[in-house]
Structures are given as C-alpha cells and as structure tokens.
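Work through the following exercises with the sequence and the coordinates open beside you, and attempt each task before reading its solution.

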Amino acid sequence: MRDRFWETKTLEELDDEEWEALCDGCAQCCRLRFRDSGSNQVVATTLVCALLDIPSRRCTKYPKRHELVPDCVELTPTTARTFDWLPETCAYRRVAHGRPLEDWHPLVSGTTESVTDAGVSVTDKVVSAANVHPDDIASNILKWV
C-alpha cells in the first residue's frame with residue numbers, strides 16, 4: 001500500500017487491501033439499529049451483531065457475514081456517501097466527503113488501540129445481541145455521548 005493513499009484516491013479507486021485498511025475498527029457499523037416509525041430517524045442500540053468479537057472489534061465470520069446476517073451493512077463508495085447514520089468519525093464517510101482522517105485513525109496513529117483511546121469504538125459500550133432476547137432489543141436504545 002502506498003503511504004497516505006486515502007488522500008490521493010477516491011473510494012472507487014481503492015483496491016481491496018486499501019479499502020479494508022481504511023476501516024478504523026470502531027465497530028459502530030455493527031451496532032443494531034432500527035428506523036423510528038414516528039420520526040423516521042435511524043436509532044442505534046447498545047447491542048452489536050452476534051458475530052462481532054467485542055474486545056477485538058472484528059467480525060468472527062467476516063467472509064460470510066452477508067450470508068449469515070442478511071441485514072449486515074455493506075459499505076460501498078455509494079453507501080459511504082449516503083448512509084447518514086454512519087458516525088462523522090467513520091473513515092469511509094470522511095474520505096467520501098473529502099475530509100481528512102482523524103489523528104487517532106490507525107493509519108495515522110500507527111496503532112489500532114488509538115480508536116478505543118479516543119473513545120469512538122464500541123469497546124465497553126455495547127453487549128452482544130446474542131445475549132439479549134429479541135423482545136428486549138428496543139429497550140437498548142443507545143444514547144452515545
């Protein structure tokens with residue numbers, strides 16, 4: 001990979017290795033969400049996909065995630081530009097909108113733990129949906145601070 005490739009390429013120009021490296025590993029996109037029928041807003045919960053290994057913030061079945069979880073988010077250059085529920089800190093969203101990566105991004109900081117140190121990862125803020133009854137999902141609406 002070329003140094004600082006995200007500053008000279010569009011999302012469409014990234015190869016697979018660059019695309020994967022751009023992910024900051026916050027795992028916020030793995031949080032369960034639903035659309036509020038009254039306000040039409042996307043509401044996040046404190047729950048994450050059962051496939052997420054919370055301590056590492058990595059999917060345990062990454063190559064098969066879309067088969068195993070049909071609602072799993074698929075980020076593409078187009079969705080990175082249009083998913084308004086992605087956090088402002090999301091590297092895909094930032095690059096899609098011509099903004100620089102945050103200083104804590106692993107490609108900038110050189111360490112994956114900088115994401116947790118900056119307080120933007122799901123670490124210590126979520127529980128696995130595998131541990132929650134489906135009827136209780138709505139009671140886990142997230143108030144992200």
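Three exercises follow, each with a worked solution.

The model is predicted, so that local features need pLDDT of at least 70 and side-chain atom pairs count only at pLDDT 80 or more, while totals for chains, interfaces and linings use all residues. Residues are numbered from 1 along each chain as its sequence is written, and side-chain values use heavy atoms, with hydrogens and water left out.

**Exercise 1.** Determine which residues are linked with Glu88 in a network of salt bridges, a salt bridge being a side-chain nitrogen of Lys or Arg within 4 Å of a carboxyl oxygen of Asp or Glu.

Solution. Begin with Arg93, which forms a salt bridge with Glu88 in which the closest N and O atoms are 3.1 Å apart. Next take Arg99, whose salt bridge with Glu88 likewise has its closest N and O atoms 3.1 Å apart. Glu88 lies in the loop between α3 (77-82) and α4 (91-96), whereas Arg99 lies in the loop between α4 and α5 (106-109), so this pair ties together parts that are 11 residues apart in sequence; helices here are DSSP runs of H or I with at least four residues, strands are runs of E with at least two, and both are numbered from the N terminus. Then assess exposure, where buried means under 20% relative accessible area, exposed over 50%, and partly exposed in between (1.4 Å probe, protein chains only). Arg93 is buried at 13%, while Glu88 is partly exposed at 44% and Arg99 is partly exposed at 28%. The network therefore consists of Glu88, Arg93 and Arg99, linked by salt bridges.

**Exercise 2.** Establish which residue forms a salt bridge with Glu18, and decide whether Glu18 is buried or exposed.

Solution. The partner of Glu18 is Lys9, with the closest N and O atoms 2.8 Å apart. Glu18 has a relative accessible area of 3% and is therefore buried, whereas Lys9, at 24%, counts as partly exposed.

**Exercise 3.** Find which side chains are joined to that of Ser121 by polar contacts, that is, pairs of N or O atoms within 3.5 Å, of which, within protein, one must be able to donate a hydrogen and the other to accept it, residues adjacent in sequence counting only if both atoms are side-chain atoms.

Solution. First place Ser121, which is found in the loop between α6 (114-117) and β5 (127-128) and is buried, with a relative accessible area of 2%. Its side chain has a polar contact of 2.9 Å with that of Thr116, and a further polar contact, of 3.1 Å, joins the side chains of Ser121 and Thr123.
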